Amino acid sequence: MSRTDIGIGRGLLAGVAFAAMTVVTGAQAADYNVQGFIRQEPAIKLTDEENPYNQQGNIYNGVTVTQDSSLLIPAPGAGVSTTTRPIGGADNTFNLMATRLEVDFQANFNSNWNGFARFRGYFQPDIFDSHGDPEFFETDLWSGGRGTFLEANGRNYMVDLPALYLDYSDGPLWLRFGNQQIAWGESLFFRVLDVPNGLDLRRHLLLDLVAEEFADERVAAPGIRGSYRVNNDIEIEGFTQLFSPSVLANPDTPYNVIPSQFTIHQQEGFDDAEWSANVGGRLQAQFGDLALQAIAVNRRNPDGVFHWTDSGDPVLGGTPFSMSSTGVYSAQEWFTYAGMARLNGFTGFNTAIREFQPATGGLGAFEAPNQTLAAAELDYFFQALGPLRGHIARVYPRENIFGVGANYVVGAGPDSFFDQLVIRSEFTWTPDKVFTSPDLSQSHIEEDEYVASLVFEKYHRFSQEFPATFMVLQYLFKSESDMFGRHLDGMGATGARTSGLPSGEDSFNAIAFAVQQPFPNLIWRADFSVLYDLNGGALIQPGLKWKPNEAWTAEAFANITMSDGGNDDIIDTIDWADELTFRITYQF
């Protein structure tokens with residue numbers, strides 16, 4: 001990381017602190033309001049299927065697999081043997097059993113200054129029958145194991161301040177100083193223009209209510225955001241914000257999706273990006289029923305990219321492998337999990353050898369000309385050394401994102417279904433975007449990426465007895481990666497899942513539909529959402545909300561996943577996550 005990055009980041013914090021002191025010292029009196037809620041959030045599994053990306057759900061647990069290195073005879077020890085992964089499976093009823101407390105503090109200091117703070121506490125007991133004692137929240141990013149800037153945590157709990165800011169307004173000028181989310185774009189399931197902040201996946205992955213649009217997942221960070229309304233139809237907005245990466249679900253926790261046979265080295269890559277600043281601007285204009293916007297953002301990619309790295313193992317140091325009973329046991333497991341992670345097991349093996357040649361050469365390894373010989377070499381290593389863990393590093397390249405968006409409100413007859421239909425389109429272009437290569441090479445893939453969505457949104461009253469129904473239909477296109485940011489070269493499979501290699505995809509295409517129907521007394525509300533990957537996977541989320549009074553709310557929603565299992569759709573990654581989630585909330 002450059003000294004410029006450090007200076008910008010720390011200067012940004014100093015500016016935020018100065019603004020806060022100005023208001024505190026200058027305020028004479030303020031109006032305060034405090035409110036919040038406490039909520040119990042259990043998620044009950046609907047099937048016996050375990051998360052296959054964790055040790056307790058590994059699909060090879062208890063399975064006897066043949067290790068065949070006979071192609072390497074007369075190498076010492078080469079031949080045919082068997083191995084059995086000894087780690088037992090889990091038997092948990094719940095994926096989630098969390099207790100959440102949120103308290104909001106609002107203050108009005110004077111006609112120009114307002115303040116807002118949100119305290120969030122989250123406790124997750126270890127009801128997940130996992131291997132060892134997994135860390136639910138501690139993360140190797142900010143010092144002290146913090147995943148986000150204003151956070152404290154332990155193995156089973158986290159407390160943070162997802163909002164802590166001051167607002168200043170004076171006529172057409174508006175400014176916000178402090179820890180904040182910046183939510184751009186309005187697409188359900190998808191994030192097209194919503195690029196300023198990363199996501200925190202530790203609590204419930206991406207399986208919360210669709211209608212909440214990542215409100216609980218979006219990572220807040222200290223920053224300064226402001227807008228200036230030139231006239232009634234034109235507004236200019238800009239921000240500068242401390243870089244804060246997306247936070248991954250930790251290994252062997254309920255919603256981990258990176259195979260736990262990997263060790264992820266996050267600290268060095270984050271140290272390079274720490275104290276960097278993201279910057280961006282947006283121009284919005286209104287022309288009657290047509291609204292236009294354009295954005296430009298320069299940021300560190302919060303999701304990061306991954307590559308092989310030195311394990312530091314006492315025996316295998318200098319290679320991306322270490323000896324461990326929690327590693328991979330056979331070539332069959334290697335190729336299966338490579339496909340599940342949208343990686344190429346054959347080229348990934350050769351890359352690990354080629355880019356660490358001095359060390360791997362000491363093991364007698366060499367690049368394999370075909371997958372059959374690569375499998376034999378892998379099994380030879382497993383026979384000689386036992387199970388091996390792979391070590392990967394996460395880094396955060398800078399990128400520029402340019403985007404445009406348009407909203408058009410259709411005017412038709414008052415009894416027409418199309419009256420007040422909102423047609424929305426969003427588009428972004430990221431030149432030379434950096435992606436994780438399916439072979440985990442330190443030379444990442446760089447390609448221009450185009451992302452687009454087309455959205456139809458409508459409130460319509462089908463009956464005078466019921467309030468209006470809200471409906472959304474949308475289409476998403478990505479040219480180079482799937483919805484999770486994985487490059488399309490790692491998608492698909494030729495041959496069986498246990499031995500096949502990715503065939504690649506030309507583009508990612510998905511359709512989403514959501515409907516929300518309040519009942520006549522507004523005590524009940526029904527929700528139904530569907531995400532369909534055109535390659536053959538679907539996430540269906542029906543839900544029901546009951547609010548008998550101002551204090552109590554009860555919600556239930558299910559996540560039902562369906563995939564054809566071809567390693568070519570995004571739902572395949574979460575196809576184990578069928579669950580029924582309840583929320584019982586008391587507001588005060």
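Contact here means heavy atoms within 4.5 Å. Helices (H or I, at least four residues) and strands (E, at least two) are DSSP runs, numbered from the N terminus. The structure is a predicted model, in which local features need pLDDT of at least 70 and side-chain atom pairs count only at pLDDT 80 or more, whereas totals for chains, interfaces and linings use all residues. Residues are numbered from 1 along each chain as its sequence is written, and side-chain values use heavy atoms, with hydrogens and water left out.

A good place to begin is helix 6. This helix covers residues 371-385. Its 15 residues should span 21 Å at 1.5 Å a residue (the expected span being 1.5 Å times one less than the number of residues), and the end C-alpha atoms are indeed 21 Å apart, in agreement. The buried residues of helix 6 (buried meaning under 20% relative accessible area, exposed over 50%, partly exposed in between, with a 1.4 Å probe and protein chains only) are L373, A374, A375, A376, E377, L378, D379, Y380, F381 and F382. The cover over these buried residues includes strand 2, strand 15 (321-328), helix 3 (331-340), helix 4 (345-354) and strand 16 (388-395).

Strand 2, one of these covering elements, runs over residues 64-68 and has alternating side chains. V65 and Q67 point to one face and are buried, while T64, T66 and D68 point to the other face and are not. In a regular strand, the side chains alternate between the two faces of the sheet. Strand 2 pairs with strand 3 (residues 80-84) in the antiparallel sense over 5 bridges; pairing requires that DSSP finds at least two bridges between the strands. Within this pair, V65 stands opposite T83 of strand 3. The loop between strand 2 and strand 3 holds P74, and the peptide bond from I73 to P74 is cis, with omega near 20°.

Two further loops deserve a look for their backbone angles. Most residues other than glycine have a negative phi, and most peptide bonds are trans. W275, in the loop between helix 2 and strand 12 (277-287), has a positive phi near 75° and is buried, with a relative accessible area of 16%. L440 also has a positive phi, near 60°. This leucine lies in the loop between strand 18 (422-435) and strand 19 (445-460) and is buried, at a relative accessible area of 4%.

Open and enclosed spaces come next. On a 1 Å grid over the protein atoms alone, a cavity is a set of points where a 1.4 Å probe fits but cannot get out, and a pocket is an open set with protein on both sides within 12 Å along at least five of seven lines; lining residues have an atom within 4 Å of a point. Grid points are joined across faces, edges and corners, and a volume is the space filled by probe spheres set on the points. The largest pocket holds about 1,100 Å³ of space. It is lined by 50 residues, with R39, R118, E212, A215 and D216 nearest its centre. Strand 1 (residues 31-45) gives the largest share of this lining, 5 residues. By class, the lining of the pocket has 20 nonpolar, 11 polar and 19 charged residues (Ala, Val, Leu, Ile, Met, Phe, Trp, Tyr, Cys and Pro count as nonpolar, Asp, Glu, Lys and Arg as charged, and the others, Gly among them, as polar).

The structure also holds 11 cavities of 30 Å³ or more. The second largest cavity has a volume of about 340 Å³. Of its 30 lining residues, F262, W308, F321, V328 and W334 are the closest to the centre. Strand 15, helix 3, helix 4, helix 6 and strand 16 each supply at least two residues of this lining, which divides into 21 nonpolar, 7 polar and 2 charged residues.

Some individual residues complete the picture. D208, in the loop between strand 8 (173-180) and strand 9 (221-231), is buried with a relative accessible area of 9%. Not counting residues up to four places away in sequence, D208 touches D216, E217, Q541, F557 and R583; D216 is also among the residues nearest the centre of the largest pocket. N33, in strand 1, is partly exposed, at 35% relative accessible area. With the same sequence neighbours left out, N33 touches D104, F105 and Q106.
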